Amino acid sequence: MKIYISALIFILTLKIGAQEPLPKLMISENKKYISTANGKPFFWLGDTAWELFHRLTKEEVQIYLDDRKEKGFTVIQAVILAELDGLKTPNANGDIPLINQDPTSINEPYFKFIDYVLEEAQKREIYVALLPTWGDKFNKAWGEGPEIFTPNNAQIFGKILAKRYKNQSNIIWVLGGDRWPEDKEDKDIVNAMASGILANDKNHLITYHPNGGKKARDYFDTSWLDFDFFQTGHDRLAKDYQFVAESLKMSPSKPVINGEPRYENHPDRFKPDMYGWMDASDVRASAYWTFLSGGAGYTYGTHDIWQMFSPGKEPINYVRTHWKESLHLPGCRQLSFLKQILESLPWYELQPAQSLLSGDNPEDETHITVANIAKKQLVVAYTPFGRPVTLKEDSLMEIFNNKTIYALWFNPRDGSIQEIGDFQANENIMKFEPWSIGRGSDFLLILCDKAKSEKILKTLK
């Protein structure tokens with residue numbers, strides 16, 4: 001009897017500990033965001049780990065994924081045929097991805113390691129935005145290359161990958177790899193790879209990772225592209241909100257993800273001697289701009305982590321910090337505050353509402369973004385440099401039906417919230433001034449009714 005009970009307990013433990021497949025991702029009915037198959041909005045908070053498969057050991061993968069899970073990340077972006085000499089330099093286990101650099105002949109030990117990483121991410125409820133290849137393998141504008149793809153072998157490679165991972169629930173396909181199609185052949189290669197994937201796998205979303213300053217839809221506004229995906233470039237002056245606005249104007253409607261913004265701890269415009277280094281304030285500005293402009297998700301990046309830099313590795317573009325140390329940079333921690341406040345609003349119902357602003361709003365680093373959910377009597381405004389937020393009185397009166405408005409300041413740096421007070425929408429109190437100003441003094445203004453303010457305050461306690 002004791003043996004039977006012990007066996008039963010062991011079986012039950014296995015079942016309890018078994019990891020359920022993550023739900024399938026799909027495009028929402030209104031084409032504004034990504035949702036799970038059961039209709040739950042999916043909060044895309046990504047991290048850039050391009051060299052994850054190429055440079056880390058199993059133990060390091062666990063360290064990395066544990067940290068990102070703890071900080072609330074839901075997506076990790078990584079590349080199979082990696083950028084940094086990924087065809088010839090072996091991974092941490094000594095394996096290369098292809099036999100004789102032939103995309104139709106994959107090296108099983110290398111892909112076994114990718115299988116391992118995907119399963120470890122699954123255990124932590126993290127999706128992997130999986131790039132089949134970096135762009136230098138079909139358009140060697142820079143980097144190591146070599147160019148190995150043709151339309152024919154790209155389609156075969158897509159079929160191989162899709163057949164292998166069609167039942168892996170936690171992946172999103174991302175074609176491209178920081179590159180544009182130089183000519184018709186390049187475009188044919190990408191389309192062929194998409195065709196190959198779709199031949200064996202219709203279970204996963206597909207998008208395209210373009211070069212800096214571009215959107216996926218600038219190059220591939222096709223049926224296989226499920227959602228738009230843009231890269232602003234590593235520039236403190238980039239206007240993330242413009243990329244989102246341009247994408248949302250396109251037809252048919254598709255969600256848009258900020259897939260590669262300015263990286264934390266990256267030299268601004270690649271010239272640290274002239275412009276210095278980007279920091280957590282850059283991360284917060286690009287993230288809040290993205291969501292309040294109507295974006296469906298944001299991918300964070302760290303200069304040290306995308307390349308998994310450690311002593312002995314070739315430093316790329318002035319990298320200066322071990323990747324394990326950069327896990328603790330303030331920008332990524334502060335994104336958990338962003339996720340918490342936006343999920344309480346809720347973020348997926350926000351609509352851009354720049355017309356509510358009164359007065360000048362320069363198209364520079366101080367640019368204020370405004371969004372609202374009119375039916376829920378909610379207005380939010382993000383001021384990156386702490387400039388006062390002045391809103392039109394008549395517009396607020398219409399949104400709040402002359403009822404009492406409760407105003408709150410949310411601090412993106414520490415996740416705290418401060419009550420401003422309440423007033424009537426027809427009172428001439430439309431200017432809201434934060435308690436500090438300048439770079440790093442960013443604030444999120446929240447205007448809502450009393451019930452909503454109490455719910456937000458309770459959520460953040």
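In this predicted model, 27 salt bridges are found. A good place to start is helix 4 (residues 108–123), where the side chains of Glu120 and Lys123 meet in a salt bridge with an N to O distance of 2.9 Å. The two residues are three apart in helix 4, and therefore about one helical turn separates them. Glu120 has 7% relative accessibility, under the 20% cut-off, so it counts as buried.

A similar theme appears in helix 6 (residues 184–200), which holds both Asp188 and Lys184, four residues apart, or about one turn of the helix. Their closest N and O atoms lie 2.8 Å apart in a salt bridge. Here Asp188 is partly exposed, at a relative accessible area of 28%, while Lys184 is exposed at 61%.

Another salt bridge, at 3.7 Å (N to O), pairs Glu349 with Lys375. This pair connects distant parts of the chain, 26 residues apart: Glu349 sits in the loop between helix 12 and strand 14, and Lys375 in the loop between strand 15 and strand 16. Glu349 is buried, with a relative accessible area of 17%, whereas Lys375 is exposed at 70%. Elsewhere, salt bridges with shared partners join Arg236, Asp240, Arg262, Asp279, Asp282, Glu365 and Arg439 into one network.

Turning to the strands, five of the five residues of strand 12 (residues 256–260) are buried, so this strand is largely enclosed by the rest of the structure. Strand 12 runs parallel to strand 11 (residues 228–231), joined by four bridges, and Ile257 is the bridge partner of Phe229. Between these strands the chain passes through helix 7 (residues 240–248) in a right-handed β-α-β crossover. Two bridges also join strand 12 to the parallel strand 13, where Tyr298 partners Asn258.

Conventions
Residues are numbered from 1 along each chain as its sequence is written. This is a predicted model: local features need pLDDT of at least 70, side-chain atom pairs count only at pLDDT 80 or more; totals for chains, interfaces and linings use all residues. Side-chain values use heavy atoms; hydrogens and water are left out. Buried means under 20% relative accessible area, exposed over 50%, partly exposed in between (1.4 Å probe, protein chains only). Two strands pair if DSSP finds at least two bridges between them. A crossover is right-handed if, with the strands pointing away from the viewer, the path from the first strand over the helix to the second runs clockwise. A salt bridge is a side-chain nitrogen of Lys or Arg within 4 Å of a carboxyl oxygen of Asp or Glu.
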